[in-house]
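Grab a pencil and work through these exercises with the structure in view. Try each task before you read its solution.

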Amino acid sequence: MKANTTSGWILWATVAILLVTSVLVSSEFRLLGLNSSEDNSVRHLYNYGERFTIAETINSVNRTSPEHMPAHHVQLSLWAMLVGFDFAVLRTMSLYLILLSVAFTFRMGRDWFDPQVGLLSAILVAFSAYHMYFGHEIRMYTLVILQAILIYWLYWRVVISGRSVHWYHFVLLFLLSSYSIYTHSVLIFPLLAVGVYHLLFAPKNHIWVKVALAELLAGVTFLYWLPNLIEGALQFEDLTNTNQTLAEVLGSTIFVYSNGFWVGAVLLAGVALWK
């Protein structure tokens with residue numbers, strides 16, 4: 001009975017977190033005008049009032065922003081067809097992606113450890129400065145977080161959990177990996193982390209082979225866009241004088257993801273490693 005009461009309380013607390021997050025993020029939808037970064041996303045949806053088709057959106061990204069991937073813009077185009085092109089309404093997609101990220105973070109923490117860890121993880125993700133900022137922007141960054149969470153959770157579900165695995169799990173893994181690569185190049189890193197673990201530590205059985213094939217096929221799909229990415233990278237201006245050192249990159253990353261309280265982040269990491 002105690003376990004059920006605790007689980008019920010944690011579930012309602014998670015729902016409350018989702019509601020508070022919705023209020024905090026959505027309050028900025030109309031207060032802030034469209035910025036230049038958001039305009040870079042919206043301009044792939046229409047031109048002089050003419051709505052682009054999905055093919056035209058992909059072509060627009062290819063021609064004018066080859067350093068970007070097309071998946072988020074395609075998803076945004078579909079969202080615009082559903083809700084309209086008002087910028088405040090378009091921003092709601094980022095909010096929904098945050099809510100999904102919080103929900104799946106809770107699920108991942110609960111599945112990997114226990115409901116208490118899931119709740120704490122959901123709180124940290126929901127009220128991070130990263131989400132509070134990008135939650136009201138028409139950009140791909142909230143989708144990036146959701147996809148990274150799903151990559152780790154789905155791989156755990158298929159390979160590590162010990163639960164029954166069906167053919168559609170491998171299809172989902174292939175589709176998620178492919179869609180992630182076509183969303184942002186930074187998602188290559190969680191996929192690489194999964195790949196290293198899979199190569200070195202995962203049990204070598206028929207599931208291992210099927211997962212490896214799914215990920216390899218996802219990588220093959222990216223060959224279609226790779227020339228565009230290379231072209232976009234070559235167009236960047238020389239930023240040698242502004243590059244950060246490795247120590248500065250690590251410091252900036254810790255600062256951003258700890259909401260500016262890096263001491264707390266270090267302490268939490270230490271406790272996690274100690275446990």
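## Exercise 1: Buried or exposed?

H198 has a relative accessibility of 6%, so H198 counts as buried; buried means under 20% relative accessible area, exposed over 50%, and partly exposed in between (1.4 Å probe, protein chains only). Before you go on, note that this is a predicted model, where local features need pLDDT of at least 70 and side-chain atom pairs count only at pLDDT 80 or more, while totals for chains, interfaces and linings use all residues. Residues are numbered from 1 along each chain as its sequence is written, and side-chain values use heavy atoms, with hydrogens and water left out.

**Task.** Sort S41 and V23: is each one buried or exposed?

**Solution.**
- Step 1: find them. S41 sits in helix α2 (residues 36-42), and V23 sits in helix α1 (residues 2-26). Helices here are DSSP runs (H or I, at least four residues), numbered from the N terminus.
- Step 2: apply the cut-offs. S41 has 0% relative accessibility, so S41 is buried. V23 has 55%, so V23 is exposed.
- Step 3: look around S41. Setting aside residues up to four places away in sequence, S41 touches H72, H73, L76, I138 and R139, where contact means heavy atoms within 4.5 Å.

## Exercise 2: The core

**Task.** Which helix gives the most residues to the largest nonpolar core?

**Solution.**
- Step 1: know the term. A nonpolar core is a set of buried Ala, Val, Leu, Ile, Met, Phe, Trp, Tyr and Cys residues joined through side-chain atoms within 4.5 Å.
- Step 2: find the core. The largest one has 41 residues, and L90, V158, V159, V211 and F222 have the most contacts inside it.
- Step 3: list the helices. At least two residues each come from α4 (71-83), α6 (92-112), α8 (129-134), α9 (141-160), α10 (167-181), α11 (188-200) and α12 (206-221). The winner is α9, with 12 residues.
- Step 4: zoom in. Not counting residues up to four places away in sequence, V211 touches Y155, V158, V159, F170, L173 and H198. H198 belongs to helix α11, and its own contacts, beyond four places in sequence, include K204, W208 and A212.
- Step 5: put it in context. In soluble globular proteins, nonpolar side chains tend to be buried together.

## Exercise 3: Two helix crossings

**Task.** How do α4 and α6 lie relative to each other, and how do α6 and α9?

**Solution.**
- Step 1: get the angles. The axes of α4 and α6 come within 10 Å and cross at roughly 115 degrees, while those of α6 and α9 come within 9 Å and cross at roughly 25 degrees. Axes are lines fitted to C-alpha atoms, for helices over the stretch in contact, and angles run from 0 to 180 degrees between N-to-C directions.
- Step 2: use the cut-offs. Under 35 degrees is roughly parallel, over 145 roughly antiparallel, 65 to 115 roughly perpendicular, and the rest oblique. So α4 and α6 are roughly perpendicular, and α6 and α9 are roughly parallel.
- Step 3: check who touches whom. H72, Q75, L76 and W79 of α4 meet T92, M93, Y96 and L97 of α6.
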